Amino acid sequence: MSVPSTNKTIAKNTAFLYFRMMFTMIVSLYTSRVILQTLGVDNYGIYQSVGGIVGFLSFINSALSTGSSRFLTYELGTGNLEKLKRTFSTTLTIHIAIALFVVIVAETLGVWFLYNKLVIPAERMDAAVYTFHISILTAVFTLTQVPYNASIIAHEKMSVFAYMSIIEVSAKLGIVYLLSIGSYDKLKLYATLLFIVQVGLICIYRLYCSRHFKETVYRFVFDKAIFKEIAGFSGWSLFASSSTALNSQGILILLNMFFEPAVVAARSISIQVNMAASQFVDNFRTAANPQIVKKLAAGDLIGSKRLLLASTKYSYYMMFIICFPVCLLAHPLLKIWLGVVPDYTVIFLQIIVIQSLFQVFDTSFYTALYAKGRLKENALISPTLGLIRFPIIYFLFKAGYSPVALSWASLLTYAVLGLIVKPILVVKIANYYWRDVWNVFKPCLLVTVAALPVPVFLYHIIGVDSIPHSIFIGFITVIIIILSIYWIGIDMLTKQKVWLYVKRRFRR
């Protein structure tokens with residue numbers, strides 16, 4: 001595949017994913033506000049805590065989904081249709097088995113934990129238990145959907161996600177309406193309606209895949225050789241997935257063990273905003289990653305490396321354009337969005353968006369190891385830091401520290417992973433050079449340093465107490481970041497391409 005066609009494919013798929021994200025984000029901001037106000041802070045926190053138990057039990061699925069996606073993409077790159085069919089059916093069989101395992105554990109140990117460990121008001125326990133059971137059903141369908149989504153990504157049909165997002169957010173608007181007029185218990189109704197929406201979307205995805213991709217017609221296949229390949233690849237990421245689950249859903253559960261549901265709601269809101277911001281980068285990476293893997297599979301090692309390094313640098317720029325203004329304007333943005341801002345939400349959000357800048361390097365460099373098929377070292381080092389972090393946070397909470405302690409611990413962990421651990425691994429394992437890593441870090445650092453002073457100065461002088469002041473500071477911040485990227489963050493050849501594009505658009 002030629003470089004121009006590769007770039008065109010990435011650009012096209014990124015455009016589809018951005019359309020999906022923008023539409024989804026706009027509607028989600030509205031629906032989240034209404035849902036929070038309709039459910040109330042405590043009910044919202046309960047839903048996040050209960051759902052966190054089920055999400056934590058699904059960490060095995062997260063590990064195997066990485067392997068499933070990688071091997072489906074790889075086999076598609078080799079052109080072996082029969083092997084591709086057997087790979088898909090084997091991965092789906094594995095995910096069905098995982099779903100059954102999650103049901104058994106959730107309905108035994110999960111129920112015990114819900115009754116005995118979480119801080120839930122007695123009058124809301126019945127609704128929490130109902131929500132827990134319906135969340136398990138939702139998880140079963142979601143777990144078995146992973147191979148289908150992996151096939152869509154492998155075929156680079158990102159437009160499907162964009163169209164499906166329109167259906168999804170439209171359905172969630174319907175949920176908001178039904179919540180506002182329904183007289184049934186709001187938490188139970190919310191969980192039930194979400195379950196119906198998720199199942200409906202999954203059915204549409206599967207119908208599309210079965211009609212467009214030959215390999216997605218499921219047959220009961222359990223190919224031991226394929227399973228060993230996936231298990232060998234995913235075995236090392238199993239440890240990583242357990243650490244991730246422990247420090248995402250596990251943290252929400254931990255918060256609910258020591259603090260009221262309102263604190264869980266505050267943390268969940270900050271995560272939701274950060275996820276919306278991260279989608280800008282995730283969409284770009286989702287479009288670029290298949291090309292990185294396919295180039296490596298085709299023997300184009302230099303092309304794969306160039307694409308990864310360039311996409312890492314631009315991923316940071318995109319994230320910085322969002323994170324810096326959000327960090328400065330956290331309180332007014334949350335006030336406009338939610339109306340009433342729960343305690344700790346602002347500081348949670350500010351720290352987590354800074355954390356996401358370090359996560360860019362962590363996740364981007366991980367793609368080099370993922371494409372190479374070497375996850376052993378990463379799966380030993382990175383998750384170990386996460387596993388150490390969890391008990392530290394537990395003892396800090398036990399000693400009476402603020403819930404903000406978990407945010408600082410997460411920030412420090414991802415700084416170490418993104419700036420130290422992942423660069424060492426890509427140099428040692430994926431045949432990168434230290435100058436390659438430095439050529440990514442250097443412009444990112446220079447752009448950050450150049451863009452910080454003026455917005456911070458304006459923030460302290462003008463303040464963000466009024467909407468006009470907030471808009472002014474946000475506008476100036478974005479303009480300064482874009483200028484810094486143009487003058488410092490991109491090379492001369494890229495600047496020339498930008499000018500040529502602008503001139504063509506201007507002439508039209």
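How many Å should the 24 residues of helix 16 (residues 405–428) span at 1.5 Å a residue, and how far apart are its end C-alpha atoms? I began my notes with that question, and I record here what I looked up.

**Ground rules**

I am working with a predicted model, in which local features need pLDDT of at least 70 and side-chain atom pairs count only at pLDDT 80 or more, while totals for chains, interfaces and linings use all residues. Residues are numbered from 1 along each chain as its sequence is written, and side-chain values use heavy atoms, with hydrogens and water left out.

**Helix 16**

I take helices from DSSP runs (H or I, at least four residues), numbered from the N terminus, and I set the expected span of a helix at 1.5 Å times one less than its number of residues. For helix 16 the expected span is 34 Å and the end C-alpha atoms are 33 Å apart, which agrees. I also noted a bend of about 40 degrees at Leu417 in helix 16, the bend being the angle between axes fitted to the seven residues ending there and the seven starting there.

For burial I use relative accessible area, where buried means under 20%, exposed means over 50%, and partly exposed is in between (1.4 Å probe, protein chains only). By that scale 17 of the 24 residues of helix 16 are buried, so the helix is largely enclosed by the rest of the structure.

**Salt bridges**

I counted a salt bridge wherever a side-chain nitrogen of Lys or Arg is within 4 Å of a carboxyl oxygen of Asp or Glu, and by this rule the count comes to 4. Side chains of opposite charge can pair when their charged atoms come close.

Helix 16 takes part through Lys422, which forms a salt bridge with Asp362, the closest N and O atoms being 2.5 Å apart. This pair links distant parts of the chain, since Lys422 is in helix 16 and Asp362 is in helix 14, 60 residues apart. I found both Lys422 and Asp362 buried.

I then looked at Asp185 and Arg124, whose side chains meet in a salt bridge at 3.0 Å, N to O. Here too distant parts of the chain are linked: Asp185 lies in the loop between helix 7 (159–181) and helix 8, and Arg124 in the loop between helix 4 (81–116) and helix 5, 61 residues apart. Asp185 counts as partly exposed at 23% relative accessibility, whereas Arg124 is buried at 17%.

Another salt bridge joins Lys172 to Glu168, with 3.3 Å between the closest N and O atoms. Both residues lie in helix 7, 4 residues apart, about one turn of the helix, and Lys172 counts as partly exposed at 25% relative accessibility.

**Helix 5 and a contact across the sequence**

I checked helix 5 (residues 125–143) in the way I had checked helix 16: its 19 residues should span 27 Å, and its end C-alpha atoms are 26 Å apart, which agrees. Its buried residues include Met125, Val129, Phe132, Ile136 and Leu143.

I also looked up Gln198, which is in helix 8 (residues 186–212) and counts as partly exposed at 24% relative accessibility. Gln198 and Phe141 are 57 residues apart in sequence, yet 8.1 Å apart in space, C-alpha to C-alpha.

**Cysteines**

Which disulfides does the structure hold? With a disulfide taken as a pair of cysteine sulfur atoms within 2.5 Å, I found 0. Cys323 is in no disulfide, and the nearest cysteine sulfur, that of Cys327, is 8.4 Å away. Cys323 is buried, with a relative accessible area of 3%, and Cys209 is also buried, at 0%.

**Tyr344**

Most residues other than glycine have a negative phi. I therefore made a separate note of Tyr344, which has a positive phi of about 75 degrees although it is not a glycine, and which counts as partly exposed at 36% relative accessibility. Tyr344 lies in the loop between helix 13 (330–338) and helix 14 (345–372).

**Nonpolar patch**

My last entry is a nonpolar surface patch of about 610 Å², made by Leu446, Phe475, Ile479, Leu483, Trp487 and Ile488. Patches are made of residues with over 30% relative accessible area and no salt bridge, nonpolar side chains (Val, Leu, Ile, Met, Phe, Trp, Tyr) being joined within 5 Å and like charges within 9 Å; the areas come from the Shrake-Rupley method with a 1.4 Å probe. Helix 19 (residues 467–489) gives the largest share, 5 residues. Leu446 is in helix 17 (residues 434–451) and is partly exposed, with a relative accessible area of 40%.

Methods: Helix = DSSP H or I, 4+ residues; strand = E, 2+ residues; numbered from the N terminus.
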